[in-house]
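Please look over the sequence and the structure shown below before reading on. The report that follows is meant for someone who meets this molecule here without earlier acquaintance.

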Amino acid sequence: MLKALFARKKSSRPFKDYHSEWFNTLKNSLLPLLRSSIYDSVPTLSTHVEMLHQHFQSYYEALDLAASHDVSQLLFPHWRNSLEKPFLWLGDLHPYLFTNLLRSFLEDTDEEEETDDEVNDDVVRENYKYLFDKPWEVAMAWKNPSRNLTTRVDQIECGLRLMVPALVDRVRNAQAGLVERVAEDWVWYQGRKEAARPAIVEVVEAEMEEMVSVFLDANRMRRSVLAEIISATSVYQGALFLEGLAQFLVGLRDPQLLAQLESCQMPLNKPSRIAL
């Protein structure tokens, strides 16, 4: 009954259908186009970067609309696979994934600088022969990132550390309030479903509006973080960042990787080696 109430404004088109079309466009059209622009030094690289950026922005706009019509399909995304689900947070990718990806480029730069200080020129040339297999702008995109970029990344991460826990608290409070009030009404009406239904409907509708609001705020955060990263980076930096993000999403739907994961049989009581 609760799930049916959450979906009372169900849209005519399931979000999974839109997502499938969006993903296919990303994988088969926009990502190959961006890669061609990056590694073939196409003059229209900035245009292709913006096209991919807007593809992500349009996705989050569609996610907003889907949440407004039927938040249950995002609360219970049964159509997501086993690789995707661990990375979901309030309907889609956690915004920390964006900043962590960006940090990976910056940290690679730091490691390369340490290597340059510790080894001689011959070893450096041997280790960096791959630089000559790609355009100079690509090879040097993350060398010596600007102070403005690193400062902006720090500011974005600081904002996330404030906003993410606040949204988590709102979700927790909404869920706790829903359970508490439904339980009270159920006891009050002594388990009589038809008698309790009007009161439960009122409770669920109120809490559903809060959940929709939380989803919209989470999407606003994702859109904002993505836009700020593209704004703070150069054309080649932004291109490589979006390439990495798109490839990550494509990898989560790789049939071979998914089959390997689903074929693994790890005991449920085995302690995880992943540091939390």
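The sections below go from the whole chain to one helix and then to two single residues.

## The chain as a whole

The structure is a predicted model, and its protein chain has eleven helices and two strands. Read along the sequence, the elements follow the pattern α-α-α-α-β-β-α-α-α-α-α-α-α, with the two strands coming after four helices.

Of the 276 residues in the protein chain, 42% count as buried. The accessible surface comes to about 16000 Å², and carbon and sulfur atoms account for 54% of that surface. Among the contacts in the protein chain with a separation of 6 or more, 81% are between residues 24 or more positions apart.

## Helix α2

Helix α2 covers residues 15–39 and has 25 residues. At 1.5 Å a residue these should span 36 Å, and because the C-alpha atoms at its ends are 34 Å apart, the expected and the actual span agree. The helix nevertheless bends by about 40° at L26, and L26 is also one of its buried residues. Just after α2, S41 takes a positive phi of about 55°.

The buried residues of α2 are F15, Y18, H19, W22, F23, L26, L30, L31, L34, S37 and I38. What covers these buried residues includes α3 (45–69), α4 (72–75), α7 (136–139) and α10 (235–252). Two of these covering helices, α3 and α10, return below, since H53 is found in α3 and L252 has its place in α10.

## Residue H53

H53, in helix α3, has a relative accessibility of 7%, and it counts as buried because this value is under the 20% cut-off. Leaving aside its neighbours within four places in sequence, H53 is in contact with L226, A227, I230 and L242. One of these partners, L242, falls within the residue range of α10 (235–252).

## Residue L252

Is L252, in helix α10, buried or exposed? L252 is buried, because its relative accessible area of 8% lies under the 20% cut-off.

Which residues does L252 touch, leaving aside its neighbours within four places in sequence? L252 is in contact with N81, L83, E84 and F87. For one of these partners, N81, the separation can be given in two ways: L252 and N81 are 171 residues apart in sequence, while their C-alpha atoms are 8.3 Å apart in space.

Definitions and conventions: Residues are numbered from 1 along each chain as its sequence is written. This is a predicted model: local features need pLDDT of at least 70, side-chain atom pairs count only at pLDDT 80 or more; totals for chains, interfaces and linings use all residues. Side-chain values use heavy atoms; hydrogens and water are left out. Buried means under 20% relative accessible area, exposed over 50%, partly exposed in between (1.4 Å probe, protein chains only). Contact means heavy atoms within 4.5 Å. Accessible areas come from the Shrake-Rupley method with a 1.4 Å probe; for residues, only the protein chains shown count as cover. The expected span of a helix is 1.5 Å times one less than its number of residues. The bend at a residue is the angle between axes fitted to the seven residues ending there and the seven starting there.
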